[in-house]
Amino acid sequence: MRPYLDKFAPQAWKAAGAYSQAIAEAAAAGGLSLTEGELIKVRASQLNGCAFCLNLHTEEARAAGVTQQQLDLLPAWREAGVFSERERAVLAVAEAATQLPLSEEAQADLFGARTVLGDDTFVAAEWVAATINLFNRISILSEHPVRPRKA
């Protein structure tokens with residue numbers, strides 16, 4: 001079993017928590033809804049294969065108003081007709097920020113997302129995407145376990 005990064009460096013983990021809170025506040029101030037933020041977190045966690053974060057953020061997404069159908073169709077969001085224009089824009093940001101380096105297609109997606117979201121919300125979405133990618137890596141490297149949910 002690998003050492004948990006958060007347990008072996010509690011001050012760094014505390015700083016990461018403060019950073020995450022600052023990003024959440026900035027995202028809200030930038031006009032990113034809680035639902036949109038959770039869609040970003042779930043999609044990036046899917047792409048990164050982070051089971052711990054997927055478990056956490058699918059539950060938080062449902063609490064924020066993301067439907068089960070949207071969660072079910074998230075891997076096929078481009079083809080599914082259940083996401084709004086803004087939701088598709090933030091999902092494009094999530095994918096571009098997670099699948100680096102930026103391809104020409106990702107650059108085009110980001111341009112389109114910025115057009116839909118406006119600068120403030122676009123930047124908020126990029127910060128949320130960058131942040132969940134950080135936490136995905138912490139959880140993956142730490143091999144944080146997924147615990148069964150209570151019924």
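The legends below describe several close-up views of a predicted model.

**View 1. Helix H7 is bent at glycine 118.** Helix H7 covers residues 104–142, and a straight helix of 39 residues would span 57 Å at 1.5 Å a residue, yet the end C-alpha atoms of H7 are separated by only 33 Å. At glycine 118 the helix bends by about 120 degrees. Valine 123 also lies in H7, and with a relative accessibility of 38% this valine counts as partly exposed. Its C-alpha atom is separated by 9.9 Å from the C-alpha atom of glycine 31, although valine 123 and glycine 31 are 92 residues apart along the chain.

**View 2. An aromatic pair joins helix H2 and helix H7.** How many aromatic pairs does a search of the whole structure find? The search finds one, and the pair is formed by tryptophan 13 and phenylalanine 135, whose rings are edge-to-face, with 5.6 Å centre to centre and 75 degrees between the planes. Tryptophan 13 belongs to helix H2 (residues 10–29) and phenylalanine 135 to helix H7, so the pair ties together parts that are 122 residues apart in sequence. The two partners can also be described by their accessibility: tryptophan 13 is partly exposed at 33% relative accessibility, whereas phenylalanine 135 has a relative accessible area of 13% and is buried, because buried means under 20%.

**View 3. Helix H6 packs against helix H7.** Two packed helices are described by the angle between their axes and the distance between the axes. For helix H6 (residues 85–98) and H7, the angle is about 60 degrees and the axes are 7 Å apart, and the two helices are therefore oblique to each other. The crossing in which H6 passes H7 is right-handed. Alanine 97, which lies in H6, has its C-alpha atom 6.4 Å from that of alanine 130, although these two alanines are 33 residues apart along the chain.

**View 4. Helix H6 is largely enclosed by the rest of the structure.** From its first C-alpha to its last, H6 reaches 20 Å with its 14 residues, close to the 20 Å expected at 1.5 Å a residue. Why can H6 be called largely enclosed? The reason is that 10 of its 14 residues are buried, among them Val90, Leu91, Ala92 and Val93. Alanine 97 is partly exposed, with a relative accessible area of 26%.

**View 5. Helices H3 and H4 are roughly antiparallel to each other.** The axes of helix H3 (residues 34–48) and helix H4 (residues 51–64) come within 9 Å and cross at roughly 155 degrees. Angles over 145 degrees count as roughly antiparallel, and H3 and H4 are therefore described in this way. Their crossing is left-handed.

**View 6. Backbone details are seen in the loop before H7 and in the segment after H7.** In the loop between H6 and H7 lies proline 101, and the peptide bond that leads to this proline from leucine 100 is cis, with omega near 0 degrees. Just after H7 comes glutamate 143, which has a positive phi of about 55 degrees although it is not a glycine. With a relative accessibility of 44%, glutamate 143 counts as partly exposed.

Key: Residues numbered from 1 in each chain as written. Predicted model: local features only at pLDDT ≥ 70, side-chain atom pairs only at ≥ 80, totals over all residues. Heavy atoms only, no water. Helix = DSSP H or I, 4+ residues; strand = E, 2+ residues; numbered from the N terminus. Expected span 1.5 Å × (residues − 1). Bend = angle between axes of the 7 residues up to and from the residue. Phe/Tyr/Trp six-rings, centres within 6.5 Å; stacked < 30°, edge-to-face > 60°. Buried < 20%, exposed > 50% of the residue type's maximum accessible area, 1.4 Å probe, protein only. Axes fitted to C-alpha atoms, helices over the stretch in contact; angles between N-to-C directions. Parallel < 35°, antiparallel > 145°, perpendicular 65-115°, else oblique. Left-handed = near helix turned anticlockwise from the far one by under 90°.
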